[in-house]
Amino acid sequence: MDILSLVMLAIFGLASSVNASEDSISSATQSRYTCGIRKNYVVDLIHKGHSAVRGQWPWHAALFQGKVYKCGGTLIDQRHVLTSAHCVVVQRNRRPLAAGDVTIQLGKLDLDDDKDYVQIMNVSEIRIHEEFGTHINDIALLVLSSSVVYSDYVIPICIESIQTAKANDLEGRRGWTVGWGETEGGKLSKVLKTAQMPVVNNTVCVQSDSQLYGRFISDKVFCAGDQNGTSVCRGDSGGGMYSLAGDQWELRGIVSFAGYKSETASCDTMRYVVFTNVASYYHWIKWKTGALVDENASAPKRKSERSEYRAG
C-alpha cells in the first residue's frame, strides 16, 4: 500500500471515529431525557386557568397550517405527534391537509416566540383514523420529517403505561389541559395557558345536555370540566389532557369538542369538554407508528370497505 493510500485510510478512520463519537454523545444526551418527566422545576399549579411557564409542558406542540396557528398537539416520541383529526383535514371533504402545508413547533411558550430553543419541524405524513367522523374517532398521528432533539423544553409524554387503563379509571381525577385557544376576549392567547379540570362520568355528561353529547359519548371519549368558566375554546383542539402517574406524566385525552353559544358565536365554558380517550386508541397509535407489527392484524377499515356496507 502506498503512502497516499495510508494517509487517506488514516483520515477516513479519523473521520469515522469523530462521527461515531458525535453519535455516541448525541445518544447519551438524548438518553438523559425520560418521557413524562420535566427537567425544570416549576411553581405549584393552581386550579384556575393561568399562564404556563417555559418547560412546564415540554410535550405540548403548536400546529401551524402555513403561517397560521391552528391547533395543539402532543409529542409522544422523536418522530410522532398526536392531535385531533378535525385539526388536519379539509373540512369540506374530510381529506387530510397536504403534509407540506403543516409544521409543528415545540418548546414554544409565546405564539410569536421563535427563539433558538423552539424547534420547528416539517411533517412528512398525516395519518387520520380510518373511521373519523364528526366528533367520532377524532384522532390523527403526524409523522415528522426528522427527529426532534430532546432538551429541557422538548420532551415526549408517556403513553406506554395507559395500554392497560380501564375505561372509567379517570372518573373523579383531575387532569391538566394547555393551549393558546381563544380567551374571554374572543382572540387567541399569545401566551400558553394551562388549566385543571375533573373527569366526570359519561352518563352525567349526557344528562347535562343530551342534544349536544348524546350521539357522541362512548367509552372512546370522556368528559371533563368544572362548569365554572374554566374550559377550553377554539384553538385548544388537538391539545392533550395530562395526568400525573407517580413521577411521570401520561397523555390521557385529546381535546375534541366543547359547548358553543350560537347567539354570541363564542365558546360555552359552562359545559363539559369532550376528550378523545387515548387509552382506547393505544394499539392504533402503536400500529400507526410502526411499533406494533402483527401479521394477523389488519388496519381498521372505512365503512365503505366493509362487506356489510358493500353494494350487493
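This passage walks through the overall build of the protein, its disulfides and the setting of one buried threonine.

The model described here is a predicted one. A good place to start is the secondary structure, which consists of four helices and 17 strands. The protein has 312 residues, and 45% of them count as buried. Among contacts with a separation of 6 or more, 68% are between residues 24 or more positions apart. The accessible surface amounts to about 15900 Å², and carbon and sulfur atoms contribute 51% of that area.

Three disulfides are found in the structure. One of them connects Cys-35 with Cys-158, at an S to S distance of 2.1 Å. This pair links distant parts of the chain, with the two positions 123 residues apart in sequence: Cys-35 sits in the loop between helix H1 (3-31) and strand E1 (50-51), while Cys-158 sits in the loop between strand E9 (140-144) and strand E10 (174-179). The link of Cys-35 and Cys-158 is right-handed, with 100° about the S-S bond. As for the surroundings of these two residues, Cys-35 counts as partly exposed because its relative accessibility is 27%, whereas Cys-158 has a relative accessible area of 3% and is therefore buried.

Another disulfide joins Cys-71 and Cys-87, again with a listed S to S distance of 2.1 Å. Here the partners are 16 residues apart, and they too link distant parts of the chain: Cys-71 belongs to strand E3 (residues 68-77), and Cys-87 to the loop between strand E4 (80-83) and strand E5 (89-90). The geometry of the link of Cys-71 and Cys-87 is left-handed, at -85° about the S-S bond. Both Cys-71 and Cys-87 are buried.

There is also a disulfide between Cys-205 and Cys-223, whose sulfur atoms are 2.1 Å apart. Because Cys-205 lies in helix H2 (residues 202-208) and Cys-223 in strand E12 (residues 221-224), the pair ties together parts that are 18 residues apart in sequence. With -70° about the S-S bond, the link of Cys-205 and Cys-223 is left-handed. Cys-205 and Cys-223 are both buried.

Finally, Thr-194 offers a close-up view of a single residue. Thr-194 is part of strand E11 (residues 193-200). With a relative accessibility of 2%, which is under the 20% cut-off, Thr-194 counts as buried. The side chain of Thr-194 nevertheless has polar partners: a polar contact of 3.3 Å is made with the side chain of Trp-57, and a polar atom of the Thr-194 side chain lies 3.3 Å from the backbone oxygen of Thr-177.

Key:
Residues numbered from 1 in each chain as written. Predicted model: local features only at pLDDT ≥ 70, side-chain atom pairs only at ≥ 80, totals over all residues. Heavy atoms only, no water. Buried < 20%, exposed > 50% of the residue type's maximum accessible area, 1.4 Å probe, protein only. Contact = heavy atoms within 4.5 Å. Areas by Shrake-Rupley, 256 points an atom, 1.4 Å probe, with all protein chains shown as cover. Polar contact = N/O pair within 3.5 Å; in protein donor to acceptor, adjacent residues only side chain to side chain. Disulfide = S-S within 2.5 Å.
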